[in-house]
Structures are given as structure tokens and as C-alpha cells.
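Here are some short exercises on surface patches and pockets. Have the structure open and try each task before you read its solution.

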Amino acid sequence: EAFRVAVHRLRKLLGDVELVEIEGGALSLNFSHCWIDTRAFEHAVESAADEETDTLSANAERVLQLYKGHFLPADEEAPWTISTRERLRSKFVACVARQGKRLETSGRHDLAAA
């Protein structure tokens with residue numbers, strides 16, 4: 001009963017009853033009702049990796065917009081943030097290197113350096 005009340009309060013606090021869902025006994029966010037920066041970042045990285053272009057793609061620009069540095073910098077010492085922080089940083093570095101190499105190969109040294 002306490003769990004049910006807590007979920008009800010959470011939904012009310014968030015202002016969207018469909019934002020939090022319970023499925024198979026697990027509580028999670030309904031991603032069709034919310035935007036999460038890390039998911040948007042990872043989607044942009046994957047989309048940029050699939051592109052073959054000699055200019056800085058919109059997805060690569062989106063990656064640069066979304067990556068703001070360390071994941072949860074205020075919680076940098078919290079052990080539970082380390083794996084996510086490193087995963088996101090690694091994806092960012094790989095994406096920038098890949099985009100830089102594509103631009104460099106196509107002779108767009110100005111964009112590659114930027």
C-alpha cells in the first residue's frame with residue numbers, strides 16, 4: 001500500500017500520470033512521455049556513426065550540443081555514476097574522433113580542427 005501511495009504521489013508531483021509506469025513489477029519512466037538528455041545524446045551518437053558525410057552532420061552537431069561534460073558533476077564522487085559517466089565520455093570521444101577523421105579525409109581541415 002505504501003508503494004502504491006508513493007507512486008501515486010510521484011505521478012502527481014510530475015504532473016503526468018503516464019510518465020511513470022509499472023510493468024512486470026518494475027517501476028520505470030515511460031520514454032514516450034519524457035525527454036532524457038543521456039538518451040538523446042546516445043541516439044545522436046548512434047545516428048552520427050551511421051552517416052557518411054564530408055561535412056559536420058546535424059547529428060554530430062547535436063552530439064556537441066548535448067555533451068556538457070561529466071555526467072552529474074555534482075555527484076562525481078558517487079560510485080554509482082562512474083560507469084555511466086565513462087560510457088558517455090567514451091561515446092563522445094569516439095564520435096568526435098570519427099567525425100574529425102571524416103572531415104580531415106575530405107579536406108575539411110577547418111571543420112575538423114573546430
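A pocket is an open set of grid points where a 1.4 Å probe fits, with protein on both sides within 12 Å along at least five of seven lines; its volume is the space filled by probe spheres set on the points. Keep in mind that this is a predicted model.

**Exercise 1.** Describe the second largest pocket by volume, lining and residue class.

*Solution.* Start with the volume, which is about 170 Å³. Next, find the lining, which includes L56, V63, C95, Q99 and L111. Now assign elements: helix 3 (58-66), helix 4 (82-105) and helix 5 (109-113) each give at least two lining residues, and helix 4 has the largest share, with 5. Finally, sort by class: 10 nonpolar residues, 2 polar and no charged ones.

**Exercise 2.** Do the same for the largest pocket.

*Solution.* The largest pocket has a volume of about 210 Å³. Among the residues that line it are D37, F41, Y67, K68, H70 and L88. Helix 2 (residues 37-50) makes the largest contribution to this lining, 3 residues. By class, the lining holds 7 nonpolar, 3 polar and 2 charged residues.

**Exercise 3.** Locate the nonpolar surface patch and classify F3 as buried, partly exposed or exposed.

*Solution.* First, pick out F3, L10, L13, L14, I22 and L27, which together form a patch of about 570 Å². Then look at helix 1 (residues 2-14), the source of the largest share, 4 residues. F3 sits in helix 1. Partly exposed lies between 20% and 50%, so F3, at 48% relative accessibility, is partly exposed.

Notes
Residues numbered from 1 in each chain as written. Predicted model: local features only at pLDDT ≥ 70, side-chain atom pairs only at ≥ 80, totals over all residues. Heavy atoms only, no water. Patch = residues over 30% accessible without salt bridge, like charges linked within 9 Å, V, L, I, M, F, W, Y side chains within 5 Å. Areas by Shrake-Rupley, 256 points an atom, 1.4 Å probe, with all protein chains shown as cover. Salt bridge = Lys/Arg side-chain N within 4 Å of Asp/Glu carboxyl O. Buried < 20%, exposed > 50% of the residue type's maximum accessible area, 1.4 Å probe, protein only. 1 Å grid on protein atoms, 1.4 Å probe; cavity = no way out; pocket = protein on both sides within 12 Å on 5 of 7 lines; lining within 4 Å. Nonpolar A, V, L, I, M, F, W, Y, C, P; charged D, E, K, R; others polar.
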